[in-house]
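Colleague: I would like to go through this model with you, term by term. Tell me what each label rests on.

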Amino acid sequence: MDILRFTLSGRQAFFKKPDVNAYYYFTYGQIHKVALTGLFGAVLGYGGYNAMVMKDKKNKGGYPEFYERLKDIRISILPICRKGSFDKKVVEFNNSVGYASQEQGGNLIVKQQWLEKPKWQIYLAVDSGESKKIADALLHKRCIYLPYLGSNDHPADISDVYMISGEPEPYPAYISSMYIKQYVETDMQDEDDEWFKYEEMLPIGLDKELNMYVFEKMAFSDMKVLSCNSDSVFKIRDDHSETEEQNLNIMFF
């Protein structure tokens with residue numbers, strides 16, 4: 001199978017969680033599939049949430065254009081970070097557009113949690129018309145809108161774009177990328193090495209009626225795999241990988 005690989009990075013990133021408290025806006029710990037689909041939509045010039053227009057008032061629901069076109073693409077995400085987590089910091093700034101707050105002066109103090117210096121290796125299965133459009137645009141360094149990491153305060157840097165190939169791996173001894181936890185059993189009794197495991201409920205899609213996130217528990221670990229009930233794991237050779245190994249097993253979702 002043909003696979004597009006590239007490195008995605010930035011100074012900071014902010015992938016807002018919909019559940020917030022009265023003081024802070026929190027971020028997911030990793031880029032997720034919906035955010036990555038939006039980034040590809042920006043590259044190709046597809047409309048987002050603000051451009052949604054209901055053609056028929058009786059037709060409730062519907063996706064933004066970028067997701068309607070790209071929801072079936074298959075991606076894999078490999079974080080480049082120590083022990084599966086990026087550093088985070090809380091930043092505070094003023095929103096003084098006038099209508100941001102009902103307080104005197106119309107000034108709203110915003111506090112957000114940002115990822116610091118995030119970097120991922122992204123893999124895209126080039127097996128459809130839309131995925132071929134994405135591959136062509138990135139390989140030739142073309143984009144319609146500026147891609148960013150969660151919000152327009154955080155421009156995305158896309159580098160090391162190459163085409164590679166992969167083959168199905170039905171019995172992986174390890175999985176190098178993030179994976180859907182329910183499909184993989186890992187060896188938590190392995191005491192030979194100091195292993196790590198990151199887990200988080202992350203968006204993998206949108207609900208068509210309400211455009212709310214659909215979640216899966218995702219994991220990222222260097223533990224040995226005991227069993228894998230998925231046919232979406234592929235073995236690849238990535239000579240541009242920033243990991244210690246270039247022979248990788250990655251899961252598409």
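**Sheet, pockets and confidence**

Modeller: Start with the sheet. In this predicted model, 3 strands form an open sheet in the order β8-β11-β10, with antiparallel pairing.

Colleague: Why is one side of β8 and of β10 left without a neighbour in the sheet?

Modeller: β8 (179-180) and β10 (197-206) each have a single partner strand, so they stand at the edges and one side of each stays free of a sheet neighbour.

Colleague: What makes β8 and β11 a pair?

Modeller: A pair needs at least two bridges. β8 and β11 have 2 bridges, in the antiparallel sense, so they meet the cut-off. In one of these, I180 has M218 in β11 as its bridge partner.

Colleague: How do you know that β10 and β11 pair?

Modeller: The same test applies: at least two bridges. β10 and β11 run antiparallel and are joined by 9 bridges, so they count as a pair. Among the partners, E199 stands opposite A219 in β11, and L206 is bridged to Y213 in β11.

Colleague: What lies between β10 and β11 in their hairpin?

Modeller: There are 6 residues between the two strands. N211, in the turn, has a positive phi of about 60°.

Colleague: Which strands does α1 lie across?

Modeller: α1 lies across β10 and β11. Its angle to β10 is about 55°.

Colleague: Now β7. What makes strand β1 its partner?

Modeller: Strand β1 (residues 2-9) and strand β7 (residues 157-168) share 7 bridges in the antiparallel sense. The cut-off is at least two, so they pair. S9, for one, has D157 in β7 as its bridge partner.

Colleague: How many bridges join β7 to strand β13?

Modeller: 3 bridges join β7 to strand β13 (residues 233-237), and the two run antiparallel. That meets the requirement of at least two, so this is a pair too. G166 stands opposite I236 in β13.

Colleague: On to the pockets. How much space lies in the largest pocket, and what lines it?

Modeller: The largest pocket holds about 830 Å³ of space. Its lining has 29 residues, with G38, Y49, Y148, G150 and S151 nearest its centre. A lining residue has an atom within 4 Å of a pocket point, so that is the test these residues pass. Helix α1 (residues 33-44) gives the most to this lining, with 6 residues.

Colleague: How does the lining of the largest pocket divide by class?

Modeller: Into 17 nonpolar, 9 polar and 3 charged residues. Gly counts as polar, so G38 and G150 belong to the polar class.

Colleague: And how much space lies in the second largest pocket?

Modeller: About 560 Å³. Of its 19 lining residues, F196, D222, T243, E244 and E245 are closest to its centre. β3 (75-79), β11 (213-221) and β14 (247-251) are the elements that give two or more residues to this lining. By class, it has 9 nonpolar, 4 polar and 6 charged residues.

Colleague: What is the mean pLDDT of the protein?

Modeller: The mean is 90, and 87% of residues reach 70 or more.

Colleague: Where does pLDDT stay under 50?

Modeller: Over residues 54-58, where the model has 3 contacts beyond four places in sequence. Residues 97-101 are also below 50, with 7 contacts beyond near neighbours in sequence. Where pLDDT is low, predicted coordinates should not be read in detail.

Definitions and conventions. Residues numbered from 1 in each chain as written. Predicted model: local features only at pLDDT ≥ 70, side-chain atom pairs only at ≥ 80, totals over all residues. Heavy atoms only, no water. 1 Å grid on protein atoms, 1.4 Å probe; cavity = no way out; pocket = protein on both sides within 12 Å on 5 of 7 lines; lining within 4 Å. Points joined across faces, edges and corners; volume = space filled by probe spheres on them. Helix = DSSP H or I, 4+ residues; strand = E, 2+ residues; numbered from the N terminus. pLDDT = per-residue confidence, 0-100. Contact = heavy atoms within 4.5 Å. Axes fitted to C-alpha atoms, helices over the stretch in contact; angles between N-to-C directions.
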